[in-house]
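Please look through the sequence and the structure shown below before reading on. This briefing then takes up two topics in turn, pockets and aromatic rings.

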Amino acid sequence: MRKKELKNVEWSVLVVAIILTLIGFIALFTATQNSGYDEFKKQIIWFGISLIAMLIFMTVNYETLIRFSPFFYGGFIILLIAVLFTKEVNGATSWFNIGAFSFQPAEFAKVFVILFLALIISNIKVRGKQEINKPLKILIILSALALPVLLIIKQPDYGTAMAFFIATALMLFSAGIDKKYIIAIILIAAVSIPLLYNFVLPEHARKRIDIFLHPETEPRGAGYNILQSKLAIGAGGLTGMGLLKGNQTQLGYLYPKTTDFIYSVIGEELGFVVAGTIIILYVILVTKILYIAKTSKDEKGTLVAAGIAGVFMFHMIENIGMVMGLLPITGVPLPFISYGGSSLITSYMMIGILLNISSKRQKTIFVK
């Protein structure tokens, strides 16, 4: 990367990512003191690997990544099929276990599906601005999305599948899709949600929604985790109970406290000030990513950045919303903060791509 490009990089997205990661380290340190800090130590290793992955994706031109995305897309489709034949972990076949570590292909697939969709959409738009609004073209885009999403739902992992939908929606919006399609999708969703709930969703998925609406009906069963999470966040108050001093965290009432409910740990021990700061940092991150999308030198860069913004926005809203009882529990991690190598590496890969896109842009926007 040339010196001129380095000066043009939107370094603020990396700064925010590192601050969130450091907060995650603090939370993991306090959450793992009773288990010998095992996950905390592993997360440090994953962070080192993540930085290497980020540098690779920052250095290789994003246009090259997009050009070769069909091969990566095909490779991850094979992995998403293969993972269905692995041993279940917590009721899902989402991981390949390699020794003491695990690999979740659905997390990495997010990156390459976004790149592949950017290739498809940009090729469609090359033929004319209105091509994107032709039903056949939209069907092609949705077909490319449907294959990995259906395989992820089969695992089952509804949260990650939803992240793909949000990313694609922002990409299509950035591409200039007609409002009539957006209205149609909203109407279809409004009609299909009750049908899906009653006739399509498996029993455990319906139960999660029921518990979300009425967690008090099973305080020692399915509603236990969310009730403990609310207690933890409420007990933290403004400044928290102090590191290593949270009742729900240290006495083992929060589970899983290093992944899904890491934000509850932060709320209890570090309080509203730090918990609120995290939300502000995510808002800054998404805003900066959208700025990168707006100032990208080409359509492909705009589409990729928009898709990445959708992924981070969904994960932040869903994870924080579910631990506060505002959204159903889906098991999605909180980017940069939750424990997990696949999530952390994927997040930094996306940061690398964003730095890459921003390095090629013209930062100044001239307004006539």
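**Pockets and aromatic pairs**

In the second largest pocket, helix α10 supplies the largest share of the lining, namely 5 residues. The model is a predicted one, and the points below are grouped by pocket and then by aromatic contacts.

**The second largest pocket**

- The volume of the second largest pocket is about 1500 Å³, and its lining is made up of 50 residues, of which Asn90, Trp95, Pro256, Asp260 and Gly331 lie nearest the centre.
- The elements that each contribute two or more residues to this lining are α3 (38–59), β2 (101–103), α8, α10, α11 (224–236) and α16 (341–359).
- Sorted by class, the lining of the second largest pocket holds 23 nonpolar, 18 polar and 9 charged residues.

**The largest pocket**

- The largest pocket has a volume of about 1900 Å³, and it is lined by 43 residues, with Met162, Phe165, Ala189, Ile193 and Leu196 lying nearest its centre.
- Two or more lining residues come from each of α7 (135–154), α8 (158–175), α9 (179–200), α10 (203–213) and α15 (299–323).
- Helix α9 gives the most to the lining of the largest pocket, with 12 residues.
- By class, 37 of the residues that line the largest pocket are nonpolar, while 4 are polar and 2 are charged.

**Aromatic pairs and a cluster**

- The structure contains 14 aromatic pairs, and one of them joins phenylalanine 25 and phenylalanine 47 in an edge-to-face arrangement, with 5.6 Å from centre to centre and 85° between the planes.
- Because phenylalanine 25 belongs to helix α2 (residues 12–31) and phenylalanine 47 to helix α3, this pair ties together parts that are 22 residues apart in sequence.
- Phenylalanine 25 and phenylalanine 47 are both buried.
- The pair of phenylalanine 57 and phenylalanine 112 is tilted, because the ring centres are 6.3 Å apart and the planes stand at 55°, an angle that falls between the limits of 30 and 60 degrees used for stacked and edge-to-face pairs.
- Since phenylalanine 57 lies in helix α3 and phenylalanine 112 in helix α6 (residues 105–126), the tilted pair ties together parts that are 55 residues apart in sequence.
- Phenylalanine 57 is buried, with a relative accessible area of 11%, and phenylalanine 112 is buried as well, with a relative accessible area of 6%, because a residue counts as buried when this value is under 20%.
- One aromatic cluster is formed by Phe25, Phe29, Tyr37, Phe40, Phe47, Phe312, Phe336 and Tyr348.

Conventions: Residues are numbered from 1 along each chain as its sequence is written. This is a predicted model: local features need pLDDT of at least 70, side-chain atom pairs count only at pLDDT 80 or more; totals for chains, interfaces and linings use all residues. Side-chain values use heavy atoms; hydrogens and water are left out. On a 1 Å grid over the protein atoms alone, a cavity is a set of points where a 1.4 Å probe fits but cannot get out, and a pocket is an open set with protein on both sides within 12 Å along at least five of seven lines; lining residues have an atom within 4 Å of a point. Grid points are joined across faces, edges and corners, and a volume is the space filled by probe spheres set on the points. Helices (H or I, at least four residues) and strands (E, at least two) are DSSP runs, numbered from the N terminus. Ala, Val, Leu, Ile, Met, Phe, Trp, Tyr, Cys and Pro count as nonpolar, Asp, Glu, Lys and Arg as charged, and the others, Gly among them, as polar. Rings of Phe, Tyr and Trp (its six-membered ring) pair if their centres lie within 6.5 Å; planes under 30 degrees apart count as stacked, over 60 as edge-to-face and the rest as tilted. Buried means under 20% relative accessible area, exposed over 50%, partly exposed in between (1.4 Å probe, protein chains only).
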